[in-house]
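Good morning, colleagues. Please take a moment with the sequence and the structure before I begin.

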Amino acid sequence: MANHFRAVSLFCLYLQCLIIQASFYSSNSGVVDLNSVTLAKTIKTHPVVLVEFYTPGCGHCQQLKPSYLQLPKLLKDIAVVAAFDVSGNDKNGEIQRKYKLTGFPTIKLFLGPKTIIDYSGNRQADDMAGFVKRFFPSKVEHLTASTLQSFLDIPDMPKALLVGPTRVIPFFVQSLSVTLLKRLRFGHLLSSEKESVLKVGVTKFPSLIAFRTGEANPITFDKDLADTVAVKSFLNSVSLPPDISSLSIFNISDNSCLRKYCMDSGAQVCVLGLNPGAGGSVALAALDEASTSIPNRQWYSFGWIDARKQASFSGSFGVIPDAFKIVIWFHRKMKYVVYTGSMDADSITKYISSAVTGKFPPSTLEAEPKLDGDSINCPPTPVKQQKQKKMSKPISFNTRLNDNNFDKLVLKSKSIWMVVFARDNCGYCQQLAPHWAKAADSLQGAIQFGTIKDSPIKFQKYSITGVPTVMLFHPDKTKPVPCNERTKAGLWKFATGFLPNDVPVLKTVAAAQKWANSSDLPKFVLISKKSSAPVVLRSLALEYTGVAKVAAVSFSNQALKAWSVNVTAPCFLAFPKGFTGNGAPTVYNNSDVSFQALNRFFSTFVGPSAPSAKARAVSKPIDASSESAPSESTPGSCSATTSQCSVSESAGGFPKDQSANDMDEQIPRDQSAINKDEL
């Protein structure tokens, strides 16, 4: 027996270690660790919930942590203090879009699912606690001599009445007035209303009394009003029974439900309420409340069983179904602990946490318990077989750079390169990643984009002290230019500003013909109605400097007619080396006007001296979704060598008064490098 106990204790300690390691806030901190499922349940079942949305690698989140840890004590019996790890629980960004998260940490106050208030004040514990109290949704009715009787006459509803010398009502009482709203009406009467006070039979202040449904004589609470557990128990005892159908924990009605919600749920521990029926609904509501506030909720599965119909199942745990019982079942180890304590959420939560750490000696099951009956009320969720679509391999225009390929790709090319120096587990790097990827994809190779991570050699060479650091390498590779932009539009504008602006725009037929016949080099021309050269043409001009000539013609129909070309503008024409006006130029017949495609077309005319198209291809695409967090941050950067973040204007950041999403749409349409309609 001693060996069994020791083994289970070690298992429980191991489980607790896993829980602690997985959490930014420890399980005994009082901060409830939420995931996407428990977030919805918590804000639905608790009237006041304060949630911090964070990422563990965010320096500002780490700075907030000491103050946030003080809130569970300051807001005890007032609000649930919770935290949501966005990086671990919101891989597809659904939560970030739903709650419009634009930076981390973000603190939001939930007064039910529909009322959400953003907190933007000082990040001191007292300020945050004061914010919660200021918006607290009290349902306590302030009564006078003229309104007392109508309050007492409310039919089919029990009433509670707090009588005191001031209008100040304890916050935990206000919280109960919201929690018990559908089960109890709550009133407050000043002791100065002497006739009314005498009418309800109160002689000392403050006092709490309650009237059961249909009863005229009050019940007096005879304990200390500061004892919040006793007050909650008293009010629950006089309230209407809770509606079991509204609970968030599962009704386990047969073996299919037991397997689905317990053994096959992925939970380490199943917490089961064995409900005998009469009188069990209040205890069941307490278990339901505990299920939404227990730390590391993902480790547990909660449910309840009708003990009257499943006496043999209850007997497997040595329980007689004469009163509501709670079983903490380590189903993988065939061990269990039966709860002993008062039926309130706080006591249940603490006991379960203690049981997980091995504080209470567990008992061993002789066989796996099963529910009676052959029904299948909880069939397994069918897995939809999705039709495989033939899709072309996605192209990424962000190159993964390293010490081996950096010099060859960046320093030895004619191309302009935008390079971000980054580090794994850097929150600001993750925030930059989606905007970086969008800027790269919008230019489609007209400007090269690359990412280099954790490279001591390159970090030292370019004096990188904080990440992310963005540098632009123009044709003079010895003098890279730092870039402080952190939005798609900002990166786009900064990068294209270094492309040459000397691409000739020819405005007459004579000028176009003279240019086409003027040199021995191959020539490429864009025929369009635009009066300026687009980004893709300026990039090609830079790429083919010294080996070909590039120009634009702003009058379309006359030029096409002069060269006997039967196509419509916009279009690209290629003039081979030695063209003297005899014959027609080659037409680029392709709707793909990205830099990659045009580079391949141009290179066939230039010959051996052409820049390598492969050199401009992505050597190792980066999956932006695996590195990105789709949100913005305040200006700051992470240290190049540690996981700490520091505020730094030089490192750039998102503008304080303008979100990156707003700026994404500000790229000039006539400067696009990818849309043929815009040439």
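Which residue stands opposite L506 in β25? The residue in question is V553. I should say at once that what we have before us is a predicted model.

That pair belongs to a contact between two strands: β23 and β25 are joined by two bridges and run in the parallel sense. Both strands are part of an open sheet of five strands, in which the order is β23-β25-β24-β26-β27 and the pairing is mixed. The edges of this sheet are β23, residues 505-506, and β27, residues 586-587. Each of these two has a single partner strand, so one of its sides has no neighbour in the sheet.

Let me now move inward, to β24. This strand covers residues 523-527, and five bridges connect it to β25, residues 549-553, in a parallel arrangement. Within that pairing, K523 has K549 of β25 as its bridge partner. Towards β26, β24 again forms five bridges, but here the strands run antiparallel. On that side, V525 is found opposite L573 of β26. As a general matter, strands in a sheet pair through backbone hydrogen bonds, in either a parallel or an antiparallel manner.

How many of the residues of β24 are buried? The count is five of five, and the strand is mostly covered. As for direction, K523, V525 and I527 point one way, F524 and L526 point the other way, and all of them are buried. In general terms, the side chains of a regular strand alternate between the two faces of the sheet. Turning to β25, four of its five residues are buried, so the rest of the structure largely encloses this strand.

Next, the helix that accompanies these strands. Helix α21, residues 535-543, lies across β24, β25 and β26, the last of which spans 571-575. Relative to β25, α21 runs at about 160 degrees. Together, β24, α21 and β25 form a β-α-β unit of right-handed sense. The helix is itself mostly covered, with nine of its nine residues buried. Among them are the nonpolar V535, V536 and L537, but also R538, S539 and E543.

I turn to the nonpolar cores. The largest contains 44 residues, and the members touching the most others are M418, W436, I447, F449, L537, F572 and F602. At least three residues of this core come from domain 4 (398-497), and at least three from domain 5 (505-604). A second core, separate from it, has 43 residues, including I43, V86, F104 and L109. L537, named in the largest core, is also one of the buried residues of α21.

Finally, a single residue elsewhere: S314, located in helix α14, residues 311-316. Is S314 buried or exposed? Its relative accessibility is 0%, and therefore S314 counts as buried. Setting aside residues up to four places away in sequence, S314 touches L274, A307 and V319.

Thank you for your attention.

Notes: Residues numbered from 1 in each chain as written. Predicted model: local features only at pLDDT ≥ 70, side-chain atom pairs only at ≥ 80, totals over all residues. Heavy atoms only, no water. Core = buried A, V, L, I, M, F, W, Y, C linked by side-chain atoms within 4.5 Å. Buried < 20%, exposed > 50% of the residue type's maximum accessible area, 1.4 Å probe, protein only. Domains from an automatic or database assignment. Pairing = 2+ DSSP bridges. Contact = heavy atoms within 4.5 Å. Axes fitted to C-alpha atoms, helices over the stretch in contact; angles between N-to-C directions. Right-handed = clockwise from strand over helix to strand, strands pointing away.
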